[in-house]
Amino acid sequence: MLDRETNELLTRVGPGTPMGELLRRYWQPVALCEELAPGGPPKPVKILGEDLVLFRDERGRPGLLALHCSHRGADLSYGRLEDGGLRCIYHGWLYDIQGRCLQQPGEPDGGRNRDSIRHTAYPCRDYGDFIFAYMGRSEPPLLPAFENLAAPSSHRFIRKYYQECNFLQANEGNIDPIHLSFLHAQFDEGYWSSRDRHLPIKGAESTSMAMYKQDRVPTIETEVTDFGVRIFTTRKVGEGKIYLRVSNFILPNLCAVPGPMGPDGFNMNWHVPIDDGHHWKYMITFRRSGPLDREEHKRSFEADITPDYRLIRNLGNRFQQDREEMKQRTFSGIGPSFVVHDAFATESQGAVQDRTSEHPGTTDQAIVAERKLLIRAIRDLQEGCEPPLVFHDPTANGLPGMIVLSEVLPADINVKEYVHQTIKHSAFSVQPSAAGSKM
Ligand code: FES
Ligand SMILES: [Fe+2]
């Protein structure tokens, strides 16, 4: 339970708010590259409570400007892409991606004072099939050299979902291992597996779904790391065996959890605020050893969404919950898709969850740890300290020690010791080179 002031501290994201300032110290995805083809129209976007326009200039470089023209406020997303920038169609002022006003064609002498105009502009980069932007007021750090972003496009599939709630709720849903045994439970496994194929789990005789059901009171342990919180969840499955799942909260608005690729990759969810009550959820499914079946992922993704990334089953239609389905097929009655289940869970908490009336249990310890870390990062930033994972040194860029596991092990194993040894001996590491240069 939080007091009102702390809840607001953690959830308000607009300019000048403490959490808003923290999030602005990190590169954030603002769109998928596929949403902004070279030569395509500018795109109005809202990020962290700011109305903006995303566009590519004639050289294909992405730019992110304040939506309203510095002259008299017309919407620049209607603008013309020409002459090295974006031209407002009201009186023709022209802006480049740095926010410089290049022309004021209706003013005498082409606008004698146009150099004094500095239209709000944020640095942008194409990276990992995203357009990333840096909305902080300081020198941009390096782009994050995460393994799943630095890999070739063929090794990942990205899904994007409009979410009608504050980003922190979704962040907290990711690191809540107990809900797997309830919200996502399926009585008819064929219903689930017909949509989303998962590779077999190392050492297991059954599916993860069956194991979530087998032990609904798992042991949950956490530890604070350099990147956030590591969560160890163990379930008793059969004689002398445990099912271990290691998932992670990554500062400030990400997670890495086991995905359909089993030990050969992971899923990362990235929750980018639109404003206090809405966000974009980007889900990156990553396969380490080679290309994944993008067509298969596309099929399952497109079964859930409209062309503008809205869920077909959504809060407005009560996720099309079916009481008959609840008897036979699923615990929730809202279909086989985990993403829809999670949208129900986080959106139904309210646009901004009132954490003054919640009652966290022992299974919520990762959430408690996550909140402490975020509060500490906010306070440190207010005192002038750079937050964790803001990279300026290419040799320190990445997520060392971040591991995702999903496997069946002997019950007498020392879980933490096993995970620490696995991290020590893991061959994979992030190559910073792809992201190592500054703007
Ligand atoms: S409002 Fe944009 S040029 Fe006048
Ligand atoms: Fe979930």
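**Exercise 1. A residue in strand 14**

Task: In this predicted model, find which residues T233 is in contact with, leaving aside its neighbours within four places in sequence.

Solution.
- Step 1. Skip the neighbours within four places. The contacts of T233 that remain are P177, P218, T219, I220, Y243, L244 and R245.
- Step 2. Place the residue. T233 belongs to strand 14, which covers residues 228–236.
- Step 3. Decide between buried and exposed. Buried means under 20% relative accessible area. T233 has 1%, so T233 is buried.

**Exercise 2. The iron site**

Task: State which atoms coordinate the iron ion (ligand 2), and work out why the arrangement is called irregular.

Solution.
- Step 1. List the donors. H179 and H184 each use NE2, and D342 appears twice with OD. The distances run from 2.1 to 2.7 Å.
- Step 2. Look at the angles. The 4 donor atoms subtend 52 to 153 degrees at the iron ion.
- Step 3. Compare with the rule. Four donors count as tetrahedral if all angles lie between 85 and 135 degrees, and as square planar if opposite donors are over 155 degrees apart and all others between 65 and 115. The range of 52 to 153 degrees makes the arrangement irregular.
- Step 4. Read the spacing in sequence. The pattern of donor residues is H-x4-H-x157-D.
- Step 5. Place two of the donors. H179 sits in the loop between helix 4 and helix 5, while D342 is in helix 9, so this pair ties together parts 163 residues apart in sequence.
- Step 6. Check accessibility. H179 has 15% and is buried. D342 has 21% and counts as partly exposed.

**Exercise 3. The largest pocket**

Task: Describe the lining of the largest pocket: how many residues, and of which classes?

Solution.
- Step 1. Start with the volume. The largest pocket has about 840 Å³.
- Step 2. Count the lining. There are 44 residues, and H198, P258, G259, P260 and F338 lie nearest the centre.
- Step 3. Sort by class. The lining has 15 nonpolar, 18 polar and 11 charged residues.
- Step 4. Find the sources. Elements that each supply at least two lining residues include helix 4 (167–174), helix 5 (189–193), strand 15 (241–250) and helix 9 (338–347).

**Exercise 4. Two cavities**

Task: Find how many cavities of 30 Å³ or more the whole structure holds, then describe the linings of the largest and the second largest.

Solution.
- Step 1. Count them. The search gives 2 cavities.
- Step 2. Take the largest cavity. Its volume is about 110 Å³. It is lined by 15 residues, with Y26, W27, P144, F146 and L389 closest to its centre.
- Step 3. Sort that lining. It divides into 13 nonpolar, 2 polar and no charged residues.
- Step 4. Take the second largest cavity. Its volume is about 50 Å³. Its lining is Q163, A170, G173, N174, H271, K281, D342 and T346.
- Step 5. Assign elements. Helix 4 and helix 9 are the elements that give two or more residues to the lining of the second largest cavity. Helix 4 gives the most, with 3 residues.
- Step 6. Sort this lining too. The second largest cavity has 1 nonpolar, 5 polar and 2 charged residues in its lining.

**Exercise 5. Helix 1**

Task: Name the buried residues of helix 1 and say what covers them.

Solution.
- Step 1. In helix 1, residues 4–11, the buried ones are T6, N7, L9, L10 and T11.
- Step 2. Their cover includes helix 2 (18–23), helix 4 and helix 10 (365–382).

Notes. Residues numbered from 1 in each chain as written. Chains lettered and ligands numbered in written order. Predicted model: local features only at pLDDT ≥ 70, side-chain atom pairs only at ≥ 80, totals over all residues. Heavy atoms only, no water. 1 Å grid on protein atoms, 1.4 Å probe; cavity = no way out; pocket = protein on both sides within 12 Å on 5 of 7 lines; lining within 4 Å. Points joined across faces, edges and corners; volume = space filled by probe spheres on them. Helix = DSSP H or I, 4+ residues; strand = E, 2+ residues; numbered from the N terminus. Nonpolar A, V, L, I, M, F, W, Y, C, P; charged D, E, K, R; others polar. Donors = N, O, S within 2.8 Å, 3.2 Å for Na, K, Ca; no water. Tetrahedral: all angles 85-135°; square planar, octahedral: opposite > 155°, others 65-115°. Buried < 20%, exposed > 50% of the residue type's maximum accessible area, 1.4 Å probe, protein only. Contact = heavy atoms within 4.5 Å.
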